[in-house]
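Ready for a walk through a protein? Keep your viewer open and follow the selections one at a time.

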Amino acid sequence: MQGDFSRYTFDPKKHYSTVLMQQGRVQVDADWNEQQSINQHRIVTETKDVIGKCGAPKHDAGFEIGIINHKLTIGKGRFYVHGIMCENHEDITYFQQPDLPNPTDVIRLIADAKTNTGIAYLDVWQRHITALDNPRIREAALGGADTATRAKTVWQVKFLPIQFSRGEQLDCKTQLSEWDKLIASSTGKLNAQTKPVENPKNPCLIPPTAGYQRLENQLYRVEVHHGSDHPDGVSFKWSRENASVVTAIQKINGQNLTVVDVGRDEVLGFAPGQWVELINDELELKGQPGQLLQIIKLDAATRIIELSVAPDIFDSSQPNNTGVNLQLHPKLRRWEQEGDTATIDAVNITNDWMQLEGGIEVKFDSGTYKTGDYWLIPARTATGQIEWFIDEATLSPIPQPPLGIEHHYCRLALIELETEILKLIADCRPIFPPLTELPKTGGCCTVTVGDGVQSQGNFSRIEDAIAYISESRKDDTWVKICILPGVYQIPKTIVINRDSNLIISGCDRQAYIKGTNNQAVFQLNSCKQIIFESFWMEVDSPLGAILTTQSDNITITNCQFVNQKSSAFCNLCIQANNLQLLKNQVIGGGIWIRDGSANILIHDNDISQGASAGIILGKLPTGEKASTLSTGILDIEIIGNRISKMSNSGISTVADIDGAEINFGDIKNIIISHNHIVECAAKGVNNLFDSLAVGGIILREVSQVRIQNNYIADNGVKANVRACGIFVFQCFELEVTNNTIVNNGSAQQEDTTTLQAGIVGWLVLAGKSQTSNFDKLTRVQATAPAAFIHNNIVVTPAGQALILSGLGSMSVIGNTLNSQGIVKQPEKESFNQLNLVGRCVYIWNLGQDILLVNSILAKQFQGNIAGFNTFQSRIPKPREINDGRVVFHDNQVTLQELQIVSELIIAVLIYSLDDISLQNNQILTEIIGNVQINQNDVPPLFINVLTLAPTIRASGNRFNELPQQVLWSYLSIGLINLATNNQATHCLQIQGTIQRIAEFNQIINNTFCQNINTIPTSGR
């Protein structure tokens, strides 16, 4: 505290509790300042004893670190650091802190440190405030007299980058060398004495006077100017007035300063030859020294002080022409060092006693020092001595640590920078409840487990606590095992057999469980009602951290799982009924839901960086027997998860792990909704999953699938592999609605074994089969469409935007379907036909109209509609195969190809053995690379849209292409065919063997229409 004080007398070792005033006595500032120090010491110590080193009150927990628009935010409320209360009165950003002007950007700090992790922390200290810092301290009624000063609690949220590997353990308690260096106190000490009497060589001479020799009582201040981190070493400055001779700067003009006053008198004022320090709020708040310069001359009348050189420490570009920012309260402070040792860097320390003045000497030891460290030395004329700590046995002075400035630190949050985006890893604030809300019993834990280092519990090993519970419990009441903060090594899998009503709860990242020997940590066999919550588990196991078999009512929530095994198939390997996986972080290996599971909820989890798929469905490990609880997987909801950077797909069924085939429809009633699936398919197809497709969602042999409101993007992009947004193979009742599927896979042509597309539904069926054999489907009753594709946004860099094939009604409405290129698709599974037709949209429906069973009708009746009406009553009933109705309405379809095209291209194909309704679509095909025109100046046989079905209705569509690149904008072949109110860039051809109506259509360019059988632009 750089104030006009007589001395500082508080010493906690004296255990004084109060200062008592006596009547008729002189009052001095030191007594009342000591009383304030006694009170503050009691308050701070008591608060720290109750709360601990750091903590935020439960009902007004302040200083919560958030991230908005890539910037840190600081929450409103209170927080205690080493017993000192800090208050933030409103939510602010990192750059709006009241006592930390112009902080360095966090992303820049991380980049400069060449790391990706850091700590947001609180730095708390006391700052001395005078009327120069806050003019309202002065009492105007007394003429603005200088009276008392203030001590202010300064809190500053700062950021410390740390070097830390992702594979290592990191939590809010992790010991870090960067943190230890930050919070380390100065180890250097100062000793002080008055110069001792020298024994004269001649005994007849009287020795010179020793002790303090000046005529005024003084409070000397010795302060470190440059700390140990300065390249030129440690230096100090000193003042006989506790650095209280200070004035405000009003203007800077070159070497001349205009100040508020030049001092009270010659003793407490400024004079030529003195060293002065230019400083302001920003430098003080950042713990930086000011600029030391020497006064050349002074004009008291004009209050102008001329310095040895023009100061350059302040920003001189100010709009008020003052050359200095007055809002930062620039000040000029006097120091007393002089002579050859005094420089612009203050006085460099030595290993010897260094003389100040008046017989006072100081000596620095060899420890470390920080800028701002200070010591106070009261000197008294009455005794001719200084007041300093003396060894009573030797009467030698004792070196003392600095009186201040004392900084108090507390971690607030762990922050990570990933792809230029700041992410919150952990909130490090301890939260404490009011005393009135403390539990009135021993707490909710039945038993506790502590590691013996960070915590003490009833047991030191988790397996011992579980064994105790299993052996001692006599009924099915719920019990809770609490794992306290600490590190727990698990040498062997903890197996829990046929247990129930058990909660295993940790302390978030503070409870770190480490599996060893390539084994899982927990294995549950035939258990019921088991809850895992709030711990951090790390393993190196092919089957992950937790393995369950034939269990029921299992919940895993708020945990973090890390699998360090690079080839791990999964991180959680679950077979259970009534399973809930909620708000977990899963890194390395996915979540495997095995056959024999039912009623599954996977919600709000983060899954990333695994060698397999993010969420894996179906099958059993080799040698494992089927569950007695259920077969296949029934009723699974995958909602609100974030899946990224998996080597295989985001969500995928399993292929042939153990040689057994999956029965058609074994995975039933699947809801996949509101998930964020990005940057998966990092290594392409994997035979453990699907050999034909990889990407966002890849499913085989499923039924009643609803895929809704997902964001699926950038899968396969980084590895430049082909990928699909959604791929469903052999499925009863497929619903895909309101998804955004963009930029999945690549346009590379070399790979012809992997499918590249947006949405694929291959062999989709309506209704439920009465047999598991796909070749023996009979008498199917439709309960829902085979495919319901509505309101999706699909943009694929190449390949079809939509592929559908199967039996049953299909509804494709309100979609945006864009393909940015043509690729050759695989030859297997009949996908080779995609290389001929439907290069942007391919719909192939083998469902039949019960009245138009086969194409013989067209020949038998030869257009006789009356004869046809007579025949239809002879059709046998009930139907033995699904209908094949196709609705394609209100879609925007775009096919763009940058390369030159010389082969047959059909952009959109819709085929059905039943009925097609093609209404109000906008279908655009652009061959930007142009087409190769043949010798007759006719483009290759290119069709924008082709429909084939017994009955077809097309109206209100726009068929659009670049000029002279196609023959037919629309070609329709059917038995009964209707086309009205369509617009086409090129030719329209409507064929109807039994009946054809084509009217009110418009053709923009009919260059090639003369050589083909087309309809007129209007009429029948």
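Start by selecting Cys 86, which counts as buried because its relative accessibility is 1%. Bear in mind along the way that this is a predicted model. Now pick Cys 680, which counts as buried too, at 1% relative accessibility.

**The disulfides**

How many disulfides does a search of the whole structure find? There are three, and we can visit them in turn.

Select Cys 54 and Cys 410 to see a disulfide whose sulfur atoms are 2.3 Å apart. Cys 54 sits in strand β1 (residues 54–57) and Cys 410 in strand β23 (residues 408–418), so this pair ties together parts that are 356 residues apart in sequence. Both Cys 54 and Cys 410 are buried.

Next, select Cys 172 and Cys 428, which are joined by a disulfide with an S to S distance of 2.0 Å. Look along the S-S bond: the angle about it is -80°, and the link of Cys 172 and Cys 428 is left-handed. Zoom out a little and find the loops that hold the two ends. Cys 172 is in the loop between β8 (150–162) and α3 (177–183), while Cys 428 is in the loop between β24 (421–427) and β25 (431–432), so the bond ties together parts that are 256 residues apart in sequence. Cys 172 counts as buried at 17% relative accessibility, and Cys 428 counts as buried at 11%.

For the next stop, select Cys 445 and Cys 482, joined by a disulfide with an S to S distance of 1.9 Å. The torsion about the S-S bond of Cys 445 and Cys 482 is about -90°, so this disulfide is left-handed. Here Cys 445 lies in the loop between β25 and β26 (447–449) and Cys 482 lies in strand β27 (residues 479–483), so the pair ties together parts that are 37 residues apart in sequence. Are the two ends buried or partly exposed? Cys 445 is partly exposed, with a relative accessible area of 30%, whereas Cys 482 is buried, with a relative accessible area of 8%.

Now return to Cys 86, where the tour began. Cys 86 is in no disulfide, and the nearest cysteine sulfur, belonging to Cys 54, is 9.2 Å away.

**The nonpolar cores**

Which residues have the most contacts inside the largest nonpolar core? Select Phe 522 and Ile 593: these are the ones, in a core of 112 residues. Stay with Ile 593 and show what surrounds it. Leaving out residues up to four places away in sequence, Ile 593 touches Ile 574, Leu 579, Leu 581, Ile 600, Ile 602, Ile 616, Leu 617, Gly 618, Ile 633 and Ile 636. Apart from this core lies another one, of 28 residues, including Leu 72, Val 106, Trp 155 and Leu 422.

**The salt bridges**

Time to look at charged side chains. The structure holds 36 salt bridges, and here is a sample.

Select Glu 336 and Arg 334, whose side chains meet in a salt bridge at 3.0 Å, N to O. Glu 336 and Arg 334 are both buried.

Move on to Lys 423 and Glu 418, where the salt bridge spans 3.5 Å, N to O. Lys 423 counts as partly exposed, at 38% relative accessibility, while Glu 418 is buried, with a relative accessible area of 16%.

Then select Asp 915 and Arg 953, a salt bridge of 2.6 Å, N to O. This pair links distant parts of the chain, with Asp 915 in strand β62 (residues 915–919) and Arg 953 in strand β64 (residues 942–955), 38 residues apart. Asp 915 is buried, with a relative accessible area of 13%, and Arg 953 is partly exposed, with a relative accessible area of 32%.

To see a network of salt bridges, select Arg 127, Asp 133, Asp 281, Glu 284 and Lys 331 together, since these residues are linked in one.

**A serine to finish**

Where is Ser 819? Look in strand β57 (residues 816–819). Ser 819 is buried, with a relative accessible area of 1%. Show its side chain: a polar atom there lies 3.1 Å from the backbone oxygen of Gly 821. Now display the other residues around Ser 819. Not counting residues up to four places away in sequence, Ser 819 touches Thr 796, Ala 798, Gly 799, Ala 801, Arg 839, Cys 840, Thr 894, Leu 895 and Gln 896.

Note on methods. Residues numbered from 1 in each chain as written. Predicted model: local features only at pLDDT ≥ 70, side-chain atom pairs only at ≥ 80, totals over all residues. Heavy atoms only, no water. Core = buried A, V, L, I, M, F, W, Y, C linked by side-chain atoms within 4.5 Å. Buried < 20%, exposed > 50% of the residue type's maximum accessible area, 1.4 Å probe, protein only. Contact = heavy atoms within 4.5 Å. Disulfide = S-S within 2.5 Å. Helix = DSSP H or I, 4+ residues; strand = E, 2+ residues; numbered from the N terminus. Salt bridge = Lys/Arg side-chain N within 4 Å of Asp/Glu carboxyl O. Polar contact = N/O pair within 3.5 Å; in protein donor to acceptor, adjacent residues only side chain to side chain.
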